[in-house]
Amino acid sequence: MNTKPKDEISVILAQYHIVPNYFETVGKVIKVYTNQGVFALKEANVERIYRNNLIDNVRSLQDKGFRNVVPIYHTQNGDYVVEFNTKHYYLMPWIESVDSRSDENLHFQRMFTSLGKMHNRTQKEKKIDKEQLQTHYDTLTKRWSKDKEVLESFIEVAESNWYMSPYELSYCTYFHKVLSAHQFARGQLDEWYKKMKDTENTRIVMNHGSLSISHFLVNKRGEGVFINLENAQETTPIQDLTNYYKSSFKTYPIQQSDRNNWLKTYEKNFSLREEERMLFFSYMAYPTQFASKISKYMKRSGINNEKDNVKDLLNAYWHMINIEHFVSKIQEDIEAAKSIDNL
């Protein structure tokens, strides 16, 4: 369905010397059909584009020989972003992606292979700012300590009641698992901090910033490319991994090994360092949702839907358990590899 006047599209594309025949809206992209081929015109958040240096990031990846990213075309005047009626657009080739559902696991394998290659091609050493390191550690541990106070105070309140609410009873059932996750995450963070204090350099890479299977297309030749790099930035390699996996585990309980295999695929192209893995474990395992949900529950007023609150808490528990299985499997594989090396 077309949502923009053809005149508007024509004015924008004229700056590329492209004349549209017709177009259609596909998701957040305008698919433009022309005699020169098919293009994708994307309306973008201009602040995000320039804050995260979208154009520079894409060109930098291409300069480093990384071809698994969709190119961005420039106008006849050399501009990569076109402004029209206070809105901003950029133009890319349209890539007809193969049906990922035909072999979903292969699609994910390709994405993590490409992510590993992208991190590998863009990695560079950066001197650690010890003051920033201290500030980050202090800020995080202070927040986590406050979360722990919430977790422990609520269990005391719940257990002191003659009759627990369904929500309180559920939380009491989950509490020891939640506390264990909190302690594990804090332990990994402490180990990471100790190691980083004695380390001079850290490693940064170009992160996609919005890693998702919907932002990775595979063409008919089996070549994969990343799209939507508006949030790309140089930072620790675990940012892409943590954000993706944290989101992917928000589902019913799963005990599949595919997600662990995707990480192995990634590490074939870009192996994580010991300190990076510690921080990854810490961020992944930390039971982020519980303290905020409990605080919200304790402040409830008016008519409260106990059933929805219990369901919400259960979903947070499933999320935590899924991550626990994922992290435990990684640790088991590491220990198994060490045992083989020691033979």
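Let's start with T235 and its contacts: leaving aside residues up to four places away in sequence, T235 touches R203, I204, V205 and N207. Keep in mind, everyone, that this is a predicted model. T235 sits in strand β10. Is T235 buried or exposed? With a relative accessibility of 19%, T235 counts as buried, because the cut-off for buried is under 20%.

Now let's step back to the sheet around that strand. Three strands, in the order β6-β7-β10, make up an open sheet, and their pairing is antiparallel. As a general reminder, strands of a sheet pair through backbone hydrogen bonds. Which strands stand at the edges here? They are β6 (124-127) and β10 (233-235); each has a single partner strand, so one side of each is left without a neighbour in the sheet. On average, neighbouring strands of this sheet are turned by 40° against each other, direction ignored.

Looking at one pairing in detail, β6 and β7 (residues 201-207) run antiparallel and are joined by 4 bridges. One residue to find on your screens is K127, whose bridge partner in β7 is N201.

On to the charges, then. Side chains of opposite charge can pair when their charged atoms come close. Across the whole structure, the search finds 16 salt bridges, and I'd like to walk you through some that involve our strands.

How far apart are the closest N and O atoms of E234 and K124? They are 3.1 Å apart, and the two residues form a salt bridge. This pair links distant parts of the chain, with E234 in strand β10, K124 in strand β6, and their positions 110 residues apart. Both ends are partly exposed: E234 has a relative accessible area of 37%, and K124 has 40%.

Next, E125 and R273 meet through their side chains in a salt bridge, 2.5 Å from N to O. E125 belongs to strand β6, while R273 lies in the loop between α8 (258-269) and α9 (274-285), 148 residues apart. Here too we have partly exposed residues, E125 at 44% relative accessible area and R273 at 26%.

My last pair is E276 with R203, a side-chain salt bridge at 2.6 Å, N to O. E276 lies in helix α9 and R203 in strand β7, so this pair ties together parts that are 73 residues apart in sequence. E276 counts as buried at 7% relative accessibility, and R203 is likewise buried at 7%. You may remember R203 from the start: R203 is one of the residues that T235 touches.

Key. Residues are numbered from 1 along each chain as its sequence is written. This is a predicted model: local features need pLDDT of at least 70, side-chain atom pairs count only at pLDDT 80 or more; totals for chains, interfaces and linings use all residues. Side-chain values use heavy atoms; hydrogens and water are left out. Two strands pair if DSSP finds at least two bridges between them. Helices (H or I, at least four residues) and strands (E, at least two) are DSSP runs, numbered from the N terminus. Axes are lines fitted to C-alpha atoms, for helices over the stretch in contact, and angles run from 0 to 180 degrees between N-to-C directions. Buried means under 20% relative accessible area, exposed over 50%, partly exposed in between (1.4 Å probe, protein chains only). Contact means heavy atoms within 4.5 Å. A salt bridge is a side-chain nitrogen of Lys or Arg within 4 Å of a carboxyl oxygen of Asp or Glu.
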